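Please open the model in a viewer and keep the sequence panel visible. The tour proceeds by selection, and each stop states what is to be found there.

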Amino acid sequence: MQHLNALILTVLFSFVAFQATAQPVTSASKVAVSQQVERQTTLAGEQLQAVVTMSIEDSWHINSNRPTLEWLIGTVLTIDLPDYIQLADIQYPAYKEYEFSFAAGEPLHVYEGVAPIYMTFDILEDAPEGLTELSGTLRVQACDDMTCLAPSNIPVELAFEITYDETRVSAANENLFSDYEQGSGGDFVTFDQAGEANQIASLIDDSGLLWTFVVIFFIGLALNLTPCVYPMISVTVSIFGGQDDSNMTRVFFKALTYVLGIATMYSILGVMAALSGGLFGGVLQSPFVLAGIGILLLGLALSMFGLYEIQMPYWLTSKLGGQNASGFIGVYVSGLVVGVFAAPCIGPPIIALLAFVGSQGDPVFGFWSFFILSMGLGFPYLILGTFSGLLQKLPKSGIWMIWVKKVFGIVLVGVGVFYLGLAFFPKFTPWVIAITLLAGGLYLGFLERTGKDKPAFRFTKYAVGTAGLIAGILMVMNLQKEGVRWEMYSAERFDAAITEGKPVVMDFYADWCIPCLELERVTFVDSQVISELDDFVRLKVDLTNFDSPESELLRQQFNIVGVPTIVFIGSSGQEVGSARVTGFLNPADFLEKVDLVDREVVQADSD
């Protein structure tokens, strides 16, 4: 009987032990979470820092904020805020990169050990006095070398008191924030960007600074394949084609001076963007800057029609060594202005360079990096400017050049009005190009009277005018096309789409952004693109005023470095990082990105 009782007890204890071990083990059991604020009592109208610290069990890790594999669940901290408190900054910890068996050897970005998430809150001046308790959730997924656990939502609570009495402010835990630099972004970097930035760092380590600068030069050269540099081509030809200098050596050095002007402006903009964290090309967001560029170009255009001749004052040219010296200054200033045109030409290589320069915090290195990049960008204009400046050597240059100067004048009028349009009526800016082609073709081909008694030249004018009219008509037809239908972004609409499990596509744009217009009128009017995006919730995010609190919060939330940026959110609520689009993309390449998202949705549905 005793043996029977012992057997029953053994079976019973075994059953209880089995039941205990059979309980599902979740990610929350592998992550201990603590929360602290910088001050227990804080003044209304000031900022308050907070930290949520994750202590991860040994031999385990959790996925970073934006995991490498799309089916993994990223670490996300969400805080519910009242109206009188705004999130000014959030910084996830720096990830570590490891290879795990379950990921088939693909490196994953993970957190391990002690990993803090820093936040900064803006306490509004009209915030009510008294105790404030903030609640939220920390979503984590824990994995070891073999497998991943079910994700968990861990509750988070932050408590502090708001006061209007400075004497009541009490400090606490300030030492916890010594490593926190607001606005540095932390892990708020997409994997594509982080990967390219790491490639630049690896290139410096492996090949040295010299070869890195050679690669950066060719990256700049490749930027000339982007559509938004096309205005630079027309303006360059206009500036040099209208000059009277036929000395090839002098014209070459003028073109070199012009390229140095482009490089100077581009370098300054690049360093400012990298060290400030602002949008590349964001200086153009001011209507006054845009209008100033437009007026300057219109002034140059009027000189092409012979209304006046632009010259430096005699008292200045005499000190500089004569009129030739003023010519060099003029083309250098022209290069500075044209360098602004290239500012919105954002792309993944530039974003990687921005991220790397920002991480180095070295303005000297930043300047030389962008200077060499812009020299690569400007190299074709060295050749173009040189040979455009030698147009005076063409046969019978008298009649020919009068008409050619007017061609350049029409080009400058079109570009000038284009920039004025960006300043005052951005929605109608695409029509400026069509109207310029139509009006320019009609005037240059059929109304302008130069060389009317020379049949061969008259035929050339007719051909050019007809080509302009045809191109203008085609553009007008393109502008009539209906494109992708977007909704303006709102947090409520975005959250509703995520809750419903719908994929989301977000178009971050600005009115002053030339590639944004190109996306709108080239890619988003393609019938197949429209059809493929039908199943998405399509949200447009306006970053025209990029330094506003609303724009800054969105840029930090979605890690937007430049515009245009297209972000795809899968049905799981996570961004499909490999599908992110930065800069202009033609319809065929854009559809490949959409296909990546479709595959993620199919994978999520099958799971």
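**First stop: strands β2 and β12**

Select β2 together with strand β12 (residues 152-163): the two pair in the parallel sense over three bridges. The model on display is a predicted one. To locate one of the contacts, highlight Thr42, whose bridge partner in β12 is Ile162. Then show the surroundings of strand β2 (residues 39-43); four of its five residues are buried, so β2 is largely enclosed by the rest of the structure.

**Second stop: the sheet containing β3 and β9**

Next, select β1, β3, β9 and β6. These four strands form an open sheet in the order β1-β3-β9-β6, with antiparallel pairing. At its edges are β1 (31-37) and β6, each of which pairs on one side only. Neighbouring strands in this sheet are turned against each other by 20° on average, direction ignored. Strands of a sheet pair through backbone hydrogen bonds, either parallel or antiparallel.

Within this sheet, restrict the selection to strand β3 (residues 47-56) and β9, which run antiparallel and are joined by nine bridges. Gln47 is a convenient residue to label, with Asp122 as its bridge partner in β9.

**Third stop: Ser59**

Continue from β3 into the loop between β3 and β4 (61-63), where Ser59 lies. Is Ser59 buried or exposed? With a relative accessibility of 63%, Ser59 counts as exposed, since the cut-off for that class is over 50%. Its backbone also merits inspection: the phi of Ser59 is near 70°, a positive value in a residue other than glycine. Most residues other than glycine have a negative phi.

**Fourth stop: the sheet containing β4**

The loop leads to a further selection: β7, β8, β4 and β11. They make up an open sheet of four strands in the order β7-β8-β4-β11, and the pairing is antiparallel. Its edge strands are β7 (96-99) and β11 (142-143), each pairing on one side only. In the interior of this order, β4 and strand β8 (residues 107-111) pair in the antiparallel sense over two bridges. Label Asn63 and Val110 to see a bridge between β4 and β8.

**Fifth stop: the largest pocket**

Now display the largest pocket, which holds about 1,600 Å³ of space. Its lining comprises 44 residues, and those closest to the centre are Leu77, Thr78, Leu87, Asp495 and Gln557. Colour the elements that give two or more residues to this lining: β5 (76-80), β6 (85-91), β9 (114-123), β10 (130-140), α13 (491-499) and α16 (549-558). Which element gives the most to the lining? That element is α16, with eight residues. Colouring the lining by class shows 21 nonpolar, 13 polar and ten charged residues.

**Final stop: the disulfide and helix α14**

Finally, show the cysteine side chains. How many disulfides does a search of the whole structure find? The search finds one, and this disulfide joins Cys513 to Cys516 with an S to S distance of 2.3 Å. The link of Cys513 and Cys516 is right-handed, with 90° about the S-S bond.

Cys513 has 0% relative accessibility and therefore counts as buried; Cys516, at 8%, also counts as buried. Extend the selection to helix α14 (residues 514-523), which is mostly covered, as eight of its ten residues are buried. Among them are Ile514, Pro515, Cys516, Leu517 and Arg521.

Notes. Residues numbered from 1 in each chain as written. Predicted model: local features only at pLDDT ≥ 70, side-chain atom pairs only at ≥ 80, totals over all residues. Heavy atoms only, no water. Disulfide = S-S within 2.5 Å. Buried < 20%, exposed > 50% of the residue type's maximum accessible area, 1.4 Å probe, protein only. 1 Å grid on protein atoms, 1.4 Å probe; cavity = no way out; pocket = protein on both sides within 12 Å on 5 of 7 lines; lining within 4 Å. Points joined across faces, edges and corners; volume = space filled by probe spheres on them. Nonpolar A, V, L, I, M, F, W, Y, C, P; charged D, E, K, R; others polar. Pairing = 2+ DSSP bridges. Axes fitted to C-alpha atoms, helices over the stretch in contact; angles between N-to-C directions.
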